[in-house]
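User: I would like to learn how to read charge, burial and backbone geometry from a single model. Could you take me through it step by step?

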Amino acid sequence: MLWAGRSAIEIAAAVRQGEVAATAVVEEHLAVIAERDPRVGAFRRVREQAVAEARAVQERRDLSELPLAGVPVAVKDNVEVAGEATRLGSAVTADSPAAADHEAVARLRAAGAVVIGLTNLPELALVAFGDSAYGTVRNPWDRSRTAGGSSSGSAAAVAAGMAPIALGNDGMGSLRIPGACCGVLALKPGAGLVPGPTDDWRGLSANGPIAVHAADLALTLSVLAGDPSLAESWRIGRRAEPRRPMLRSVWAGDDGVWEPPPPHDSPEPFDLRVAYAPQPLPAGLPVDREFRAAVRGAAETLRVAGHTIVERDRRLPAWLGPATVATWLCRAADTVRAVAATAADRRRLERRTRALARAGRVLARLGLDGRRGRDRWAGYGADRWFGDADVLVMPALAAIPPRADRWGRRGLVRNVLANVGYAPATGPWNMCGWPAMTVPVATHSSGLPIGVQLVAPPGGEPHLLGLAAQLQAAHPPIRPPGLS
C-alpha cells in the first residue's frame with residue numbers, strides 16, 4: 001500500500017502536485033477497508049461511489065488550492081451526508097436519504113475531502129461503547145475490547161489506517177473517549193467554533209476531528225471551523241496570521257488563494273503555564289496507576305519542552321459528578337423523545353436506550369436535571385477550579401476499555417456503572433463548553449494505548465494543538481499490531 005497510513009497533509013500535497021490521482025488514493029483506502037473492517041466493524045456503510053466523487057475532485061479547476069485534496073474522510077453516522085440515510089446506530093431511524101450535507105461535511109467536501117463511509121456508533125450516541133443493531137465496533141489494539149464511544153467507528157477507522165481523518169462529535173466525551181481507547185488524537189472544540197450536530201444536546205455536543213497526526217488534526221479543524229489560521233497553530237500554540245486569505249468556496253471567507261501548510265517538522269518553542277492532575281476525580285472514582293503515571297510523564301515531557309509545569313492536587317467538586325450524570329440521562333430522554341415519537345418505536349429501541357431515557361424522564365420530573373450544576377460549573381466553577389493555568393493535563397480514562405460486548409441488551413445499572421467506571425473524566429468539559437482533546441502518550445501493560453486529556457479555557461484550541469504536537473514529537477504515533 002502506498003497511501004493508506006499516510007497523513008492527510010501528505011496525501012493532499014501529492015494529489016495537488018499530480019503525484020497521485022485522488023481516485024487511486026480512494027480506491028486504495030476502500031481496499032484497506034474491505035480487508036480490515038470485517039475484524040473491526042468501524043463502518044455501517046462503505047461508499048463505493050466515493051471513487052466517482054474522487055474523480056470529480058480530480059477534475060476541479062481549483063484542485064491546486066484544495067487543502068484536503070483527495071483525502072478520504074470517515075463520517076460518524078449521526079452527521080448528515082447527502083444521499084445517505086443517517087441511522088444514528090438505531091433500527092428505529094428512517095432509511096430515507098439526507099437531502100443535503102451537514103455544514104461540517106459540506107466544508108470538508110469543499111476543501112477536497114472525499115467521504116468514504118459512515119461509521120458505527122451506539123444507539124443514538126448515548127454511551128461510551130460501540131455496539132448497536134449494526135454491529136459492534138472493536139478496538140484495533142485488542143478486538144476483545146470496546147473502541148469506546150460514541151464516535152466509536154470514526155476513531156477505530158483512523159486507528160486501523162482505514163482513513164487518515166474522521167469526523168465525530170462529543171456530547172460527554174464521545175470524541176475523547178474513543179480517541180483514548182484507540183490511541184489517536186481527537187479534539188472537542190469549544191462551544192461555537194465548529195457547526196454542531198443537528199441534535200447538539202442543548203449545546204453540550206460539538207462536532208470535531210480525529211486524526212493520527214497533530215498537523216492533520218489542526219488542518220481538519222481549520223476547515224471545519226472556517227478559520228485558516230488554525231491550520232498552523234500546532235506549530236506555535238496560537239492562531240497564526242494567514243499569509244493570504246483563503247478561497248471563499250472552501251472557507252466561507254474572503255476571496256484569495258490558499259497556500260498549503262509547510263512540510264512536517266517540529267513545533268516552534270513557546271512557553272505556557274501547564275497544570276497537571278494525575279487524580280482529579282472525586283473520591284470513589286479511582287484512576288488506574290499507569291494512567292496516573294502517563295499524566296506525570298506527559299507533564300515532564302512538556303517541562304523539558306520549556307513550559308512552566310505545576311501540579312494540581314485538588315479534585316473536581318463532588319457535586320459535579322451527579323450533575324453531569326443527571327444531565328447525560330436527561331439529554332438521553334430528549335433524544336429518544338425526538339427520534340421515537342410513538343410507543344411502537346420506543347418498544348423497538350434497545351433495552352439500554354429505553355432504560356437511560358426512562359431514568360432521564362424520572363429525574364426531569366423531580367427537578368434533578370443537572371441544570372443548576374451545569375450553570376454553576378459553566379458560570380464560575382470551572383474557571384475557579386482551573387486556576388491560572390493555560391492548559392490542564394489530566395487522565396482521559398480512569399481504566400482500560402471494557403469488553404466489546406453487546407451492552408445495548410443490558411439494563412441501566414450495568415451500563416451506567418461501566419460508563420462512569422472507565423470514562424468519568426470527560427463530561428465536565430462539555431458542561432462548561434471548554435475545548436479539550438486526547439493525546440496518546442504511552443502503552444499500558446495490557447497492550448492498549450494510554451491517552452492523556454488536555455483541557456484549555458475558551459479559545460485555547462491552538463494551545464491544545466501545540467502541546468499535542470510537542471507530545472507527539474517525544475512519543476511518535478504507532479499503529480495497532482496485527483492489522484497490516
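Analyst: Let us begin with accessibility, keeping in mind that this is a predicted model. Arg351 has a relative accessible area of 46%, so this residue is classed as partly exposed. Arg351 belongs to helix α13.

User: Which residues gather with Arg351 in a patch of positive charge on the surface?

Analyst: The patch on the surface brings together Arg346, Arg347, Arg351, Arg354, Arg358, Arg361, Arg365 and Arg414. Two helices, α12 (343-348) and α13 (351-365), each contribute at least two of its residues, and the largest share, 5 residues, is supplied by α13. A residue enters such a patch only if it has over 30% relative accessible area and takes part in no salt bridge.

User: How should I read charges that do pair, and how many salt bridges does a search of the whole structure find?

Analyst: The general idea is that side chains of opposite charge can pair when their charged atoms come close. In this structure, the search returns 24 salt bridges. One of them joins the side chains of Glu53 and Arg47, with N to O at 2.8 Å. Arg47 is buried, its relative accessible area being 2%, while Glu53, at 24%, counts as partly exposed.

User: What does Arg109 form a salt bridge with, and is Arg109 buried or partly exposed?

Analyst: Arg109 pairs with Asp101, and their closest N and O atoms lie 2.8 Å apart. Arg109 counts as buried because its relative accessibility is 19%, and the cut-off for buried is under 20%. Asp101, at 24%, is partly exposed.

User: Which parts of the chain does the pair of Arg406 and Asp131 link?

Analyst: Arg406 and Asp131 form a salt bridge whose closest N and O atoms are 2.9 Å apart. This pair links distant parts of the chain, since Arg406 sits in the loop between β13 (391-395) and α15 (412-422), whereas Asp131 is in strand β4, and the two are 275 residues apart. Arg406 is partly exposed at 21% relative accessible area, and Asp131 is buried at 1%. Elsewhere, salt bridges with shared partners connect Arg45, Arg47, Glu53, Glu84, Asp101 and Arg109 into one network, which takes in the pair of Glu53 and Arg47 as well as that of Arg109 and Asp101.

User: Turning to helices, how many residues of α7 are buried, and what span does α7 reach?

Analyst: Helix α7 (residues 214-225) has 12 residues and spans 16 Å from its first C-alpha to its last, close to the 16 Å expected at 1.5 Å a residue. Because 12 of its 12 residues are buried, α7 is largely enclosed by the rest of the structure. The buried residues include Asp216, Thr220 and Ser222, alongside Leu217, Leu219, Leu221, Val223 and Leu224. After α7 comes Gly226, with a positive phi near 65°.

User: Where is phi positive in a residue other than glycine, and where is there a cis peptide bond?

Analyst: Leu88 has a positive phi near 55° and lies in the loop between β2 (72-76) and α4 (103-110). Leu124 also has a positive phi, near 60°, and is placed in the loop between β3 (114-119) and β4 (131-132); with 3% relative accessibility, Leu124 counts as buried. As for the peptide bond, Gly149 and Ser150 are joined in cis, with omega about 10°, and Ser150 is in the loop between β7 (142-146) and α5 (152-159).

Conventions: Residues numbered from 1 in each chain as written. Predicted model: local features only at pLDDT ≥ 70, side-chain atom pairs only at ≥ 80, totals over all residues. Heavy atoms only, no water. Patch = residues over 30% accessible without salt bridge, like charges linked within 9 Å, V, L, I, M, F, W, Y side chains within 5 Å. Areas by Shrake-Rupley, 256 points an atom, 1.4 Å probe, with all protein chains shown as cover. Salt bridge = Lys/Arg side-chain N within 4 Å of Asp/Glu carboxyl O. Lys, Arg positive; Asp, Glu negative; His and termini not counted. Charge placed at Lys NZ, Arg CZ, Asp CG, Glu CD. Helix = DSSP H or I, 4+ residues; strand = E, 2+ residues; numbered from the N terminus. Buried < 20%, exposed > 50% of the residue type's maximum accessible area, 1.4 Å probe, protein only. Expected span 1.5 Å × (residues − 1).
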